[in-house]
Amino acid sequence: DRPDRPVVAELPAPAETPDTPAAALAAEEEPSAEEPAPVVPGVEGDEVDQVAAILREAAAEPGFGGRRDEILEPLKLVIAHFVVVAERVQWTGSFGVSERYRGGRTVAGTMQDADLPLAVSLPKDRNAWADALKEGATFAFRGVFAAWDGMYDRGRFEGDLLAEPVDQEE
């Protein structure tokens with residue numbers, strides 16, 4: 001039996017390298033209980049709804065660049081947190097990818113609760129974990145919007161795990 005929500009175990013924070021765009025992740029202070037979660041300016045809903053709304057609008061935009069780049073601009077200003085439903089794991093290419101993620105893995109899947117295609121690039125130190133990931137597995141992700149993948153009409157994020165799935169059959 002699979003639970004409706006993933007069971008997760010906390011992971012230790014990965015070592016951050018100061019020469020990556022994701023260094024902003026390391027510098028982010030955790031919000032206090034009194035502070036609202038980070039929001040995308042001008043977009044309604046909770047964080048997942050906001051990110052999903054922007055990605056859906058970008059996917060609906062025909063062609064490359066131009067208007068799509070304007071739509072995606074607010075995503076570059078926030079650190080997004082969401083749950084990924086994995087479909088497949090692939091090697092991360094080197095074109096348009098931050099140094100920390102080259103040689104790592106990219107998990108293609110969907111954003112849980114939004115049924116929206118996306119890809120998340122993980123650092124090299126997560127390769128063994130990502131290679132063992134099974135289709136349908138879920139994991140919490142925290143990262144920054146990196147690029148629009150026009151071939152697959154999906155957003156690609158760079159970041160790391162917040163938590164890793166616990167095997168339910170142990």
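**Notebook: two buried polar residues and a pocket**

I began with Glu158 and found that its side chain is joined to the side chain of Ser98 by a polar contact of 2.7 Å. I note at the outset that this is a predicted model, and I read each of the entries below with that in mind.

Next I looked up where Glu158 sits, and its place is in strand S6. Is Glu158 buried or exposed? I found a relative accessible area of 3% for this residue, and because the cut-off for buried is under 20%, Glu158 counts as buried.

I then turned to Asn127, which belongs to helix H4, a helix made of residues 127-131. Its relative accessibility is 14%, so Asn127 also falls on the buried side of the limit of under 20%. Which residues does Asn127 touch once its neighbours within four places in sequence are left aside? I listed Gly103, Gly104 and Arg105 as its contacts. For two of these I wrote down the atoms involved: a polar atom of the Asn127 side chain lies 3.0 Å from the backbone oxygen of Gly103, and the side chain of Asn127 also reaches the backbone nitrogen of Arg105, at 3.4 Å.

My following entry concerns the second largest pocket, for which I noted a volume of about 340 Å³. Its lining consists of 17 residues, and those that lie nearest the centre of the pocket are Phe95, Val97, Ala147, Asp149 and Arg156. When I asked which elements give two or more residues to this lining, I found strand S2 (80-91), strand S4 (116-122), strand S5 (138-149) and strand S6 (154-165). The largest share comes from S5, which supplies three residues to the lining. By residue class, I recorded eight nonpolar, six polar and three charged residues around this pocket.

Last, I stepped back to the protein chain as a whole, in which I found four helices and six strands. Read from the N terminus, the elements follow the order β-α-α-α-β-β-β-α-β-β. The chain has 170 residues, and 41% of them count as buried. Among the contacts with a separation of 6 or more, 59% are between residues 24 or more positions apart. For the surface I entered an accessible area of about 9600 Å², with 52% of it belonging to carbon and sulfur atoms.

How values were computed:
Residues are numbered from 1 along each chain as its sequence is written. This is a predicted model: local features need pLDDT of at least 70, side-chain atom pairs count only at pLDDT 80 or more; totals for chains, interfaces and linings use all residues. Side-chain values use heavy atoms; hydrogens and water are left out. Buried means under 20% relative accessible area, exposed over 50%, partly exposed in between (1.4 Å probe, protein chains only). Contact means heavy atoms within 4.5 Å. Accessible areas come from the Shrake-Rupley method with a 1.4 Å probe; for residues, only the protein chains shown count as cover. On a 1 Å grid over the protein atoms alone, a cavity is a set of points where a 1.4 Å probe fits but cannot get out, and a pocket is an open set with protein on both sides within 12 Å along at least five of seven lines; lining residues have an atom within 4 Å of a point. Grid points are joined across faces, edges and corners, and a volume is the space filled by probe spheres set on the points. Ala, Val, Leu, Ile, Met, Phe, Trp, Tyr, Cys and Pro count as nonpolar, Asp, Glu, Lys and Arg as charged, and the others, Gly among them, as polar. A polar contact is a pair of N or O atoms within 3.5 Å; within protein, one must be able to donate a hydrogen and the other to accept it, and residues adjacent in sequence count only if both atoms are side-chain atoms.
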